[in-house]
Structures are given as structure tokens and as C-alpha cells.
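Reader: Could you walk me through this one at an easy pace? I would like to ask a few things as we go.

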Amino acid sequence: MSSPILKLVAQRIALGILLLLAVSALIFAGTQVLPGDVAQSILGQAATPAALANLRAELGLNDPAYIRYFRWLGGVVTGDLGTALSSGQDIATSIGSRLWNTLFLAFCAALVSVPLAILLGLLAVRYRNGWVDKLISGLALASTSFPEFFIGYLLVYFFAVKWQIFPGISTVYEGMPFLERLQAIALPATALTLVVLAQMMRMTRAAILNVMQSAYVETAELKGLSAFSIIRKHALPNAVAPIINVVMLNLAYLVVGVVVVEVIFVYPGMGQYLVDHVAKRDVPVVQAVGLIFAAVYITLNIVADVASIIANPRLRHPK
Amino acid sequence: MADKKAAGNRKAGPLLDIRNLRIEATAYPPGEPPQNIVIVHDVSLTLEKGKVLGLIGESGAGKSTIGLSSMGYGRGGVRITGGEVILNGRDILKGGKQGLRKLRGHEVCYVAQSAAAAFNPAHRLMDQVVEATLLHGRATRAEAEKRAIKLFKALSLPDPEHIGERFPHQVSGGQLQRVMTAMALCSEPDLIVFDEPTTALDVTTQIDVLAAIKVAIRETGVAALYITHDLAVVAQVSDEIMVLRHGRLVEWGGTRQIIKEPRQEYTNALVSVHEINHEEKKPGRTPFLSVQNVTAAYGGGHIKVLKNISVDIFPGQTLAVVGESGSGKSTLARAVTGLLPPQEGSVTFDGRPLANRLADRPKEDLRQLQMIYQMADVAMNPRQTVGSIIGRPLEFYFGLRGRERDARVAELLDKIEMGKGFADRYPAELSGGQKQRVCIARSLAAKPKLIICDEVTSALDPLVAHGILQLLLELQKEEQVAYLFITHDLATVKAIADSIAVMYRGEVVRYGPKSEVLTPPFDAYTDLLLSSVPEMEIGWLEKAIKGRRMESAGN
């Protein structure tokens, strides 16, 4: 690898870290603006003013905001996300297994949806403006247009209630056999796949169609290549950058946007955890989950940027 | 292979026999129902094995369309609706898609005008060069690569052993054009279609590529259709020439007959197109625009593209700036207009220094310097009518509105020899030459002292370009406007210039009145430039190559 690429990649990563810092400040500021008082929430309405003052001093709530921010940030960097107000449990420990669950669900959904979307995109280009293209585009649009909770309930109704193939409630626990775990998440993964499929497929189609106008596609055609090998060998490599970008955005959505799907299927992931604690006004948990979501989002976008840089032969092989 | 041998046994037939070829397309004029238009009207041609036929004509003559029909290919929705294309004894139009795929890249190969666009930027050159050979099972990978390297050598590419490992963007335009020729030759086809293979190149590079192509054709014995609009170029490589116009055959004959004794009036016009007699004006006493010791650079001052340039422009005269691409011609224009503020040196106008930066110049200075560009169609807003395009500088500089403005627009349209009716048209409804005329009118509307013309005739057909040059000369007489005329075409320079600056790698290597610059003894570069301009003379190419004193910069 040559130096211009390294430099660009380093720039992107540095920018990402800076962005994450800014987001952390925003999250902290946002939760500060919210009405209510942590000491009050812990001790309840009946607390005496003296007890409240003591607890505030103990929690360091009397310090100026920026000191509390850096204290919180310092904790985050060392892996200490604080304690949940509602349960008094360490947030990092309770998030641990849930984050893993969410990532597993997202990973499975991605494993199905990304290759499927790209393949459908390629097929749509190959048979563009024909019935195959229209069918693929139409179905993909329809599946995106349905809200995810609607898709979720449809899946539950048919696969869990009527035909009883998959469980309607995705209970997973530690030490669960892998295949059972897969079966448990089949429905939420399907729902997620249907939601993200269309955008990736349509972007693949558009990006490749754009490249199909190029002179080098004509060159390939005049070499006698078949339509599908032209698309695969000559168009796809040049359409990679926009496709990666939209894929990464959708992967980020798979991790961050699962809230509704997790709640429908009662899946013990990050989304459900977040919803529970928003209801309980548990500010430290909301902060921690918000920060993790932001980190996932920013990381995936950095990966997309870096992948697009590496996909560009002009940057990979400078003159 | 079997069918090819069978065809070879039937010795009587030519390699390619096109009979009554008719090609149509559907046009979608704005606001009207789609129309069927005929692009090629029943053209017939034959080509023997190992011979070269030049197809010549202006844009829209149907040259490329006919060339591509030999591969059964219609570019951009064009349909072959009649006639036969008989290749190696069989009608390829009857072979279906499978049959066409088998012959493309195997029996017939294609060399495009812009190799830079025709190579896939994502793959190494070697993979692309041998792709067709492997696809059609003509050789194993190792054999094909060996053959490719041999061809790279024959086409005198630098470092033939390793150039295939490079990506297209790592190789210059002239070299890419030769690699593309190697790509076409690699699968040992019977016929190659060369579609303007040197048009996008500098004259100094064109001559190398032309020589390489000629040698390759001779050594491999391949037949070729050579498509170009430049008769002087085609005269160097072809055995026969076919002149086309508006999709019809005008004249078809041996190369010598076409260029020496043309029988048709149109051919005659093509042969004698370049002659404009322009009497050189002696430089006046005081230049009104003076570029003094200008140095300019891109990339934050790291890449110096102009080195210590000094030239003068006199009122009502033309300074032509010539040189190959990358020599800094257009950058000089950018420095003069303030688009690229010079690092050192200054530009004086009417005896006072002009602000370096465009943003620091008052409106009056902006009005005095106008520009016309090479690509007229992208220099105009496609959603504005000709009237509002020409009217814009009238409003902006002089505050003309309403009827007053329209009257002036009509006057300007008259000056560029276009009628009043054009005011309501959109650029898409104009031809290339008309578009460039509108751009000229727009720059004239500001009543400038100097118009910078950046390759304004390069994208036009010779006859149309001729008309534009004559118009510019007439306007100069009437309006006393000066031109800074940037071009790589020496014929144009001879036609229009009063003084000439020859640029090479960011420096002015020769500068003075036209008659002095074009009189020997020359410096090495000017000599190369002058000797590289194709002449309509059989055998010119060999003579020119022999007489060269230096290599081109190869940009």
C-alpha cells in the first residue's frame, strides 16, 4: 500500500474519532437539558432536601457540567459506562450480552440481505426494462414501503401462528445451541432483510446502469462478452463505491434501527434495552446506548469511506 | 476455425462485402412524436483480405455506424434494417446474437477514438488486452501474454515486458491508443475497425501512433476499415478511400485518385479545405495587453505549469498560442483571466496592471476580456434560449432590457450569420457550428477588447471550422477585437495568426510575428511540431518520421 492511501485512511479515521467526540458531547448536553434530577429519581418523591443534597454531592452533581462530562467520558473510555438508576446494575455488564445479541441478529440479516440485494440488482440490470426488472423493483419497493412492524406482524401471523414453523417470540439465552438460536431469530432477521433489501438493490441497479453508459462497456461488448459477464466483470468493479456506501448505511440501520423489530419479537437486544430504559427515564443507560449506536454508525461509515478509497484504482496505484 | 477455413477455400469472395446497408434510428425531437430517421442509405462496399479502406466524412456522415455494422453492432439504439453484411462468406446479420458474439473480438476487432475511455479503469492493461483472445479460446493465457508483449514491442511501446501490469490511468493517451491496437491485434482477427484512432491525440503523438498502426497492419496482414475525418491522415494508411456524406456514398476510389483527382465537388471541398489567406498585420507600437514574466502553478504551488512567460497582444490582432496538450496553453488563458492567479509576474492591460485574482477585478475589466471554449455545448445553459444566452452579458454589463436588448441580440445574431428566428431556440436544437457561433455572439455582446479562444475549432468538422475561422477574421476587421487564440492545430494558426507563441512544457520556446516564427531555421521543438502536421501526400508519413530530430513529449 502506498502513502497517499494510508494518508487518506488515517484522515478518515481521525475525522471519525473527532466526530464521535462531538456526538458524545451532544448526547451529554442533550441529557442535561432534559428536565428532572438524577438524585430525585433515585430517592423518589419522599426524599428530604438534606438527603437529596447529600446524594448530589456524592454523585458529583454539583460540579460544573464540563467536569461531569469529562468524568463520564473518562469512564466510557476505560469501559465504565456507569450504573443504571432503575436497577442499580453496572451498565457495561448488562449491555455486554445484549450488544452481542443485536450484532448477531444484524449479522445474520446482513448475511442474507447484502448478497441477495446485489444479485437482484445485477439481475435487474441484465434484464433492464423487462418484466424481471419490473418484478424485482416492484417487490423491493413494496417491501420497503410497508412499515417494519407491519411486516413483523405479518410474519408472526403466518409463520408462527398459522403454520407454526418459527417461534413468534425470539427468546435467546446464554449457552443456547447455535441452530436453535438461528431458528429463534429467523423471523426478526427476515423482517429486517425485507426492510433493507430494496434500497441496496435499487442503488446497485442505478450505480451499475450509470457505468453501463461507459465506453469500456462497449469495448467489452465488442469483444464478444456475454451480457452478464460484462455486468459482473466490467461494470460492477466500477460501481463498487456507491454500492458500498449504501450497504454500510443499511448495515448501520440493521444495528441501530432494530428497536421496533426487537420490541415486536421480544428479542433481548440493545433496542429493547433502550426502549425499556427510556420509559424508566434512566438517563445513564440512554446515554450509554446512544453513544454505542453513534459509534457503530460512525465506524461503519468510516469502513465505507475507506472501502471506496481502496476500490479506486487511481488511488490504489498512483502514477 | 472450421468455418473460417471453409471460407478461405472459397477464394472468390472478398473478406467483407456489405450490400445495400440501411441503418435507421428513432429520434425524439422535443415536443414532437418520435420519428424514424435513416442514418445510412443503402451503402455498399467490399474489402479484400489485408487491404485498408478509409471511410471519410464529417460528423453525421455515418462512418462509424458503417464501421460498426461489420461487427453487427448498432451504437445507441441504432438498428440495421436492411442489406447484408457478408464476412468470410456468410451474412453475419442472420447469425443471431450468439453468432455475433462469436465473431466480435475474434474475426473483427475494434479500436476506439478515445482509448482512455475505452479501457476499463478497474483492470490491468494485460488482462484487458488478452481478454478476447482467451474468451474465444484463441490461445492459452501464457501464449496470449507472450503475443501481447510481442505486439507491444512492434508498436514501440516503452517497457513492453511490464507495461501490461499497469492500469489505464498510469499510461499516456498516445500509449493507450497503441495498447488498444495491440488489444485488437492480439486475437489475430481478419479485420480491424479503427474508429478515429488518432483524432484525440496531439499532432506530435498522432504521427507515432499512425506509424505504429501502419507497421502493425503491414506485418500482420490484417484488413482494416480506417474511419477518420482527416483526409491527410487516411491518405497515409489506406489503399482505398470512401467519401461519405449524410449517410450516402459520395465517391469511392484509390487513395491517389481521391486526393489528387477528386471527381466529386464535395470531395474536392474536403481536399482543399484549409486554405484561408490571412495577411499578417505588423505589431503596433504599444501592446494593450502584456503578460510579463508570469509563473503559475497548480497543487498549492507545487506543479509549475507556466514558467516565466512573457507575451504581448496588440489591438485588433491575433496572438496564436500553439503547443501539445499539457504544454500550458490553457493555463496561460486562466492566468490572464485571473482564474488562476499567477505566483509571479503580472498582466498589464491598457498600461495599468490587472488584479491577479478574478475576484479583485472590477466589472469593467471583466467586460474587456471574454472567452470562447472548445466545447460549445457545455459552455451554454441547455435550459436557456439563444436569446437569453446572448442577452445575458447585455443585461449584466450594459443594463439593457426589454426591446433594446432584443434589438441588440438580433444585431448580434446577424453578425454571426444566423437569422433572428434563432433567438427562441434552445442549444440542443443547434448544430455544433451554430453553437460555437452563439458562443462567439455572447462574447461579442460584451464589446470586449480581447477574446480568448480556447481550441474553439478543435471539436468541429473541417468545413465548419473553416466557416468559424472566417467569421472570426471578419469580426476582427469590423470590431477591432484582438484574439488570444489557443490551438494545437498548425493549419488554423497559419490561417488566423498575426504573431505566434510556441509553448513546450510550460515555456515559450519561440515567439514573434507569424512570418518569422514559420521561417527556418527552427528550434528542435518547432521543427517537430511543424513536421508532424499531416500533409495530403502519399508517403509523407515515412518521410516525416525519418526527418525527425526529437521525440514528442508523449502527453
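**Chain A, then a strand of chain B**

Author: Happy to! In chain A, 43% of the 319 residues count as buried. Please keep in mind that this is a predicted model.

Reader: How many helices and how many strands does chain A have?

Author: Reading along the sequence of chain A, you meet the pattern α-α-α-α-α-α-α-α-α-α-α-α-α-α. The tally for chain A is therefore 14 helices and 0 strands, with a helix being a DSSP run of at least four residues.

Reader: What share of the exposed area of chain A do carbon and sulfur atoms supply?

Author: The C-alpha atoms of chain A fill a box of roughly 85 × 60 × 35 Å along the principal axes. Chain A exposes about 16300 Å², and the share from carbon and sulfur atoms is 68%.

Reader: Now to chain B: are the residues of strand β3 buried or exposed?

Author: Let's take the two faces in turn. Val52(B), Gly54(B) and Ile56(B) lie on one side of β3(B), with Leu53(B) and Leu55(B) on the other, and both faces are covered. Buried means under 20% relative accessible area. For β3(B), residues 52-56, the count is 5 of 5 buried.

Reader: Which residue of β9(B) is the bridge partner of Gly54(B)?

Author: β3(B) pairs in the parallel sense with β8(B), residues 223-228, over 5 bridges, and there Val52(B) has Ala224(B) as its bridge partner. Another 4 bridges join β3(B) to β9(B), residues 240-245, also running parallel. In β9(B), the partner of Gly54(B) is Ile241(B).

Notes: Residues numbered from 1 in each chain as written. Chains lettered and ligands numbered in written order. Predicted model: local features only at pLDDT ≥ 70, side-chain atom pairs only at ≥ 80, totals over all residues. Heavy atoms only, no water. Buried < 20%, exposed > 50% of the residue type's maximum accessible area, 1.4 Å probe, protein only. Helix = DSSP H or I, 4+ residues; strand = E, 2+ residues; numbered from the N terminus. Pairing = 2+ DSSP bridges. Areas by Shrake-Rupley, 256 points an atom, 1.4 Å probe, with all protein chains shown as cover.
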